[in-house]
Every structure is written in structure tokens, then in C-alpha cells.
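Got your viewer open and a selection box ready? Let's walk through this one stop at a time.

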Amino acid sequence: MLKSLNLLKQLGSVGKSQDATDLLTEDLVMVEQRVEPAKKAAQVIHKKLLGCLQSQLGLDTERRMKKLPLMLLSVSMAESFKDFDPDSSIRKVLEMCCFMESHLAATLSDFELKLEKEVLEPLNKLSEEDLPEILKNKKQFAKLTMDWHNARNKSQASTGPQAKQDGLKEEVEEAWRKLESIKDQYSADLYHFATKEDDYANYFIRLLELQAEHHKNSHDFLERNISELKDSQTVCHQYGKVYGESLLTHLYNSGREIAVPIQECVHMLLHTGMREEGLFRLAAAASVVKRLKSSLDGGVVNHSEFTDPHAVAGALKSYLRELPEPLMTFELYNDWFQAAGEKELTDKLEQFKIVLKKLPSENYNNLRYLVQFLSCLSEQQSVNRMSPSNIAIVLGPNLLWPRMEGEAALLDMASASSVQVVAVVEPLIQHSSRLFHEGTVPHSM
């Protein structure tokens, strides 16, 4: 700043008696020599930086990412894993890779959008608007300097009448006034350039900062998810799959009290699904449900990846339905219906408590956990339209079905779901606080 003030003082001290070549101080002459290289650098780097971009200028993040090579790779992975059966380890890895490449594409798109706004646009303005204006005044300054020299030389060489000499002197004075005017403008331009030079240099520093931020975010994301992917492969190899496995085997192998799909899905739904209309009733995209089931099978779930509560509810229903034995067990199938047949509510709840005590501990713990969550869900029925009755209708057949095979079983399940199962599951949800006294309700989980 002190240097810049000195430049102004030196400019102000220049008198009319001085030669035009002395109008710019030595410091400003040095500044003048940096304008043209700055324009050239801004132009060249802007052009080369454009060539580094993988997305189209002028688009928002989402539209940019659609045509990025990384996004096209993600789409190809999504198409490829469909040909594998659900238990294939290649499929599971490809599903995760598909998600990761899509995320990297979004990260790259966001980086290039910031690069456009914070580096490319300022560089373009500098090279195409700001510096050309200074160089235009430089050219005008040089022209008017020449005009003044010519007028002065002509006046000095004149030996004609006094009137002619006076006219030539006026021409010299007019040329000097024009020269002084452009000198003031040009000097101010150079002074402004000198004070802004550090800002211009920061455009290139900002380029490096954005690159560092982008690569760090991408590296951290890859490192974290690759680690989770390897862990899930290890867990899957060590413990086997979760879906279709018996509840007892899964809990024993994993050392858990609550099954992974039940606990993880409840956690996600508590954050994203409690006010969602038609939860467990409306279907989600099958591909998303399959990807979530694959993650749950691996024992590692990235909650931020699965934001559709209907997909989460679908994965939970699928787990209950694919159990080799219903959560409420084959053995107690008739006991549940007998208890539900009691006319008086007090008698009905007492009979339910008796049946609940007959459940194996692992079934009881998971049923309690699930029913308490469903009770919380029903409390929001004015918004989500899922009353205890509605929940029982759509979820009940996944909790209780008979030990039968073939068409007869399907017919029995259809009949039970419309009347008997609803009569069992609905009061469990309505009176969960009276039937399940112990344990932590899902609210706080």
C-alpha cells in the first residue's frame, strides 16, 4: 500500500515542462511491463483449463454430472450387476461401486461448477475486459504522445509570421492537454492494476485450493467406502447371508440381539419415514430395495445412500417375509388366533402375554423391538395414514403364516391377512406399552 501511495505522489509531481517520455514514473513503467504478460497468461491458462473440464459450462451440478464419464461408468455398472443372482459377491461389489462412481461424479461436477465461477469466469473477465481496456489506453497514450511531439517539433521549427507561430503553439498546448488527460487515465489504470495484482494472482491459488479440496473429498470418500466394502466382504464370508437365514443362526453368528435388517431399517425410518404417507403400503424402486438388501446382507449400510423411506420399509418387509420361520413362529400360529378371539380386552391382553412368554427369547426381543416401532409409527397416523389396523393389514402376513406348502398355504395366508392376522397384530401395536413393559423403545435408538 505504501508503494502504491508513492506512485501517486510521483505522478502528481510531474510537470508540463517535462518531456512526455517522463510522464510515467519508473515504478509505473515496471507495472506497465506486466500488463501484457498478465493478459497472455490469463488467456492461455483459461483456454487450457477449459480443456481440463469433463463437463459442460453453464449447467448446474446435477445436469453436469449426467454426461460425465464417471456417471456413464456408474450406469454401466448398474446394468451389469442385474445379470447376477442376489447372492453373488461380484454383484454386491458392483452395486457398491455403482454408488461410489455416481458419488464421485457428483463430487467432480460440484468441483467443476465452483471452478467455473471462482476461477474461469474471473480469468476470462481479466483477459477479455479489464486488461484490454488498460492496453487500449496504452495505445491511445502512445498515439497522443506522438501527436504532442509532432506538434512541438513543428512549432519549434516554424519561422513564419507571428500569427502562424501563435497558432502552432495553441496546437501544442491542445495536444498537451489531451496527452495529460489520457496520462491521468492510463496512470490510474496502471495504479489499479498494481493494487489488484495480488488479487489476480489469487485466482491461480484458488485453482489449487479447489483441486486440493476436490481430491481430498474424493480420497476420503473412497478410503472410507473401500474399507467398508472390504469389511462387508469379510463379514459376508464369515457369517454368511442375512436374508433367508434363520433368525437364531443370524443372531448367533453376528453376536447381536436384534437382527441387522430390523435394527438398521428401524433406525433409518425413525429419521426419514415417520411422517411418510403409506409407509409399508407403497412400493419403492426394486433396484434400490435390492441394493439395500445387499448392503444389509453384508452387515454394512451407508444410511446417507438410502433416503427413500419406502425402499427401507420394503427391505424390512422382505426380511420378515424371507425368514424360514415367521417371527411369531409356526408353533404358536393357533395360539395367537385363540388369544385374539377373546371378547374382553383385558382377557385378550392377558392371553397375548401368555403367548408372548412362549416365544423363544430371540423372537420375543425382535418382535418387541419391531412392534414398539410400529406403535410409534401409528402415533403419526394423522399424517402418514398408517393406523394400527392399516399397518396390521400390510405387515401382518409377513409376521405370521402357517406351516403349510403350496397353493393351500397361499390361500390360507390370503384369508388370514384379511381377518385373523389383523386381529392379532393390530392389538399388539395398539397396546404395546401394556404388553411389552421392558426394553428400550425405538424412539431413543
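A polar contact here is a pair of N or O atoms within 3.5 Å; within protein, one of them must be able to donate a hydrogen and the other to accept it. Keep that in mind for one of the stops below. And before you click on anything: this is a predicted model.

**The whole chain**

Start with everything shown as cartoon. The protein has 18 helices and 0 strands. Colour by accessibility next: of the 445 residues, 44% are buried. If you draw a contact map, look away from the diagonal: among contacts with a separation of 6 or more, 76% link residues 24 or more positions apart.

**Stop 1: α2 and α5**

Select residues 26-52 for helix α2 and residues 89-157 for helix α5. How do these two lie against each other? Their axes are 9 Å apart and the packing angle is about 150 degrees. Anything over 145 counts as roughly antiparallel, so that label fits α2 relative to α5. The crossing of α2 past α5 is left-handed. Now colour the contact residues by class: you get 16 nonpolar, 4 polar and 6 charged.

**Stop 2: α11 and α17**

Hide those and select residues 333-340, helix α11, along with residues 420-430, helix α17. Here the axes are again 9 Å apart, and the angle is about 70 degrees. Since 65 to 115 counts as roughly perpendicular, α11 is roughly perpendicular to α17. Turn on side chains to see who makes the contact: α11 brings Trp336, Phe337 and Ala340, while α17 brings Gln420, Val421, Ala423, Val424 and Leu428. By class, that contact has 7 nonpolar residues, 1 polar and no charged ones.

**Stop 3: Asn366 in α13**

Next, select residues 361-378, which is helix α13, and pick out Asn366 within that helix. Is Asn366 buried or exposed? Buried: its relative accessible area is 0%. This is where the opening definition pays off. A polar atom of the Asn366 side chain lies 3.1 Å from the backbone oxygen of Glu257. Draw that distance, then expand the selection to the contacts. Skipping neighbours within four places in sequence, Asn366 is in contact with Leu247, Leu251, Glu257, Ile258, Ala259, Ile262 and Leu327.

**Stop 4: Ser375, same helix**

Slide along to Ser375, also in helix α13. Ser375 is buried too, with a relative accessible area of 11%. Which residues touch it, once neighbours within four places in sequence are left aside? Ile429 and Ser432 are in contact with Ser375.

**Stop 5: two positive phi values**

Switch to a Ramachandran plot if your viewer has one. Most residues other than glycine have a negative phi, which makes the next two worth a click.

Thr329 has a phi near 70 degrees, a positive value in a residue other than glycine. Find Thr329 in the loop between α10 (309-322) and α11. Thr329 counts as buried, at 5% relative accessibility.

Then go to Arg385, where phi is near 60 degrees and is likewise positive in a non-glycine residue. Arg385 sits in the loop between α14 (381-384) and α15 (388-395). Label Arg275 as well: it is 110 residues away from Arg385 along the chain, but the C-alpha atoms are separated by 8.8 Å. Not counting residues up to four places away in sequence, Arg385 touches Glu277, Gln380 and Asn390.

**Stop 6: Gly396**

Move on to Gly396, in the loop between α15 and α16 (406-418). Gly396 is buried, with a relative accessible area of 0%. Residues up to four places away aside, Gly396 touches Ile391, Val421 and Val425. You met Val421 at the contact of α11 with α17. Gln420 was listed there as well, and its C-alpha is 9.5 Å from that of Gly396, with their positions 24 residues apart in sequence.

**Stop 7: Leu345**

Last selection: residues 345-358, helix α12, with Leu345 highlighted. How accessible is Leu345? At 38% relative accessibility, Leu345 counts as partly exposed. Draw a C-alpha to C-alpha distance from Leu345 to Pro427: they are 9.2 Å apart in space and 82 residues apart in sequence. Finish with the contacts of Leu345, again leaving aside neighbours within four places in sequence: His431 and Arg434.

Terms used
Residues numbered from 1 in each chain as written. Predicted model: local features only at pLDDT ≥ 70, side-chain atom pairs only at ≥ 80, totals over all residues. Heavy atoms only, no water. Axes fitted to C-alpha atoms, helices over the stretch in contact; angles between N-to-C directions. Helix = DSSP H or I, 4+ residues; strand = E, 2+ residues; numbered from the N terminus. Parallel < 35°, antiparallel > 145°, perpendicular 65-115°, else oblique. Left-handed = near helix turned anticlockwise from the far one by under 90°. Nonpolar A, V, L, I, M, F, W, Y, C, P; charged D, E, K, R; others polar. Contact = heavy atoms within 4.5 Å. Buried < 20%, exposed > 50% of the residue type's maximum accessible area, 1.4 Å probe, protein only.
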